[in-house]
Amino acid sequence: MPARGIDVFRIYQNVQDWPAVRRSGVEYCWVKATNGTRIAFANNAARTPAPADPTVAGARSVGIAPGLYGYALPGDPIAQADVLAAEVIRLGCRGPGTLPPALDLEEPGTKSADFGVRFLRRLQERIGQQRVAIYMSASWAAELRPDRWDVPGLVIWIASYGSNSGGRGAIPYYVGRTDVHQFTSEGLHLVRGITSSGLDVNESDIALSTLLGGEDDDMFTDNDRAKLDRLNAFLAESANAPGGQTLHDAIWRNGDALARVLAGQSAQNEVLAQVAQNPEITADALGDRIDTAVARATAGLAEELTARLLAHVAPAMVAVLGEHAADQAGRVVDELSRRLHDDGQEAADTTTERTTA
């Protein structure tokens, strides 16, 4: 069942009755903490700082899980991430029971995947966890595709209101993964205890315990990293062990967290599955299976890159040699394609022979 939450900034949303908010079914609350490289400021000429402290404390007082977000401004994403990270640490808004800190990407001049990735990776580094979130509109998400960013553990929070009548509809434009849907900015009739001109209301499409970093969190955590490091150290030490030392103890000593670490990595996941089926597998045998799994996982990429290269060969030859060379260019492409295919087949056969020997 989707878990309901809100996001607020105390200058715009006046929470008068936190128990009433909780009774309305609200289970989590993102709180605005920063504007660019500054603490979020009041809406006045002096830009008086309005820290998130009282809102975070109010949410916690009734069992609503808090989290912080930073509103991005054009400029250095690293410096802005540092300011948000400092507030996350100061207010204790990290770790299990809290929302992942979020980057609010909506200001003109910040529409960039590079900006988002650099901010989020820096945030992860500074707070010591991989659970972070990105917020943007569905139209921006369709263009920037945050589901493809190189940010492990990323929670994707999409704003899409439809008719903005307070009901939740489908998300247009964006076809990637959505973990949290901000489905209305007119949600005051859904949540009691708040006075304002409007209220953003969200529903999560992942388990609340996962969103809050609970025990069934399938994201890569610092604890998972430590366990994977211990396994890698064992593999390095035992790779040439006499008598074919087995991996059974190393694998299962690290528990189920290891499986979650590897779940999103196709080659490693395939190897782990084989270890689970054959816990007495030796280091040498595992190495062969890793080679096979990596080759299988990268085969599609190699084929795509080859196709892209071949698509440019003939036009390049014609551009250099002239239109009269078009037939020769075609024959060159055909010959290159044949040779690359033969090389790939030979490599695959060699790998198969080694793993079945």
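## Cysteines, a buried strand and a few odd spots

C29 is buried, at a relative accessible area of 0%. Keep in mind that this is a predicted model. The nearest cysteine sulfur to that of C29 belongs to C93, and at 9.9 Å it is too far away for a bond. Looking from the other side, C93 takes part in no disulfide either, with the sulfur of C29 as its nearest cysteine sulfur at 9.9 Å. C93 is buried as well, with a relative accessible area of 0%. Searching the whole structure turns up zero disulfides; the cut-off for calling one is a sulfur pair within 2.5 Å.

Now for the strands. Strand 7 covers residues 132–137, and five of its six residues are buried, so the rest of the structure largely encloses it. On one side, strand 7 runs parallel to strand 6 (residues 102–104), and three bridges join the two. One of the pairings puts A102 opposite A133 in strand 7. To get from strand 6 to strand 7, the chain passes through helix 4 (residues 113–127), giving a right-handed β-α-β crossover.

Strand 7 also pairs with strand 8 (residues 154–159), again in the parallel sense, this time over six bridges. Here M136 has I158 of strand 8 as its bridge partner. The link is helix 5 (residues 138–144), which together with strand 7 and strand 8 makes a right-handed β-α-β unit.

Two loop residues are worth a look if you care about backbone torsions. R145 has a positive phi although it is not glycine, and so does N164, which is also a residue other than glycine. R145 sits in the loop between helix 5 and strand 8, whereas N164 is in the loop between strand 8 and strand 9 (180–184). With a relative accessibility of 17%, R145 counts as buried; N164, at 22%, counts as partly exposed. The dividing value is 20%, since buried means under that figure.

| Residue | Phi | Relative accessibility |
|---|---|---|
| R145 | near 45° | 17% |
| N164 | near 55° | 22% |

What about the outside? V332, L336 and L340 form a nonpolar patch on the surface, and together they have about 200 Å² of accessible area. L336 is part of helix 12, which spans residues 326–356. At 36% relative accessibility, L336 counts as partly exposed.

Terms used:
Residues numbered from 1 in each chain as written. Predicted model: local features only at pLDDT ≥ 70, side-chain atom pairs only at ≥ 80, totals over all residues. Heavy atoms only, no water. Buried < 20%, exposed > 50% of the residue type's maximum accessible area, 1.4 Å probe, protein only. Helix = DSSP H or I, 4+ residues; strand = E, 2+ residues; numbered from the N terminus. Pairing = 2+ DSSP bridges. Right-handed = clockwise from strand over helix to strand, strands pointing away. Patch = residues over 30% accessible without salt bridge, like charges linked within 9 Å, V, L, I, M, F, W, Y side chains within 5 Å. Areas by Shrake-Rupley, 256 points an atom, 1.4 Å probe, with all protein chains shown as cover. Salt bridge = Lys/Arg side-chain N within 4 Å of Asp/Glu carboxyl O.
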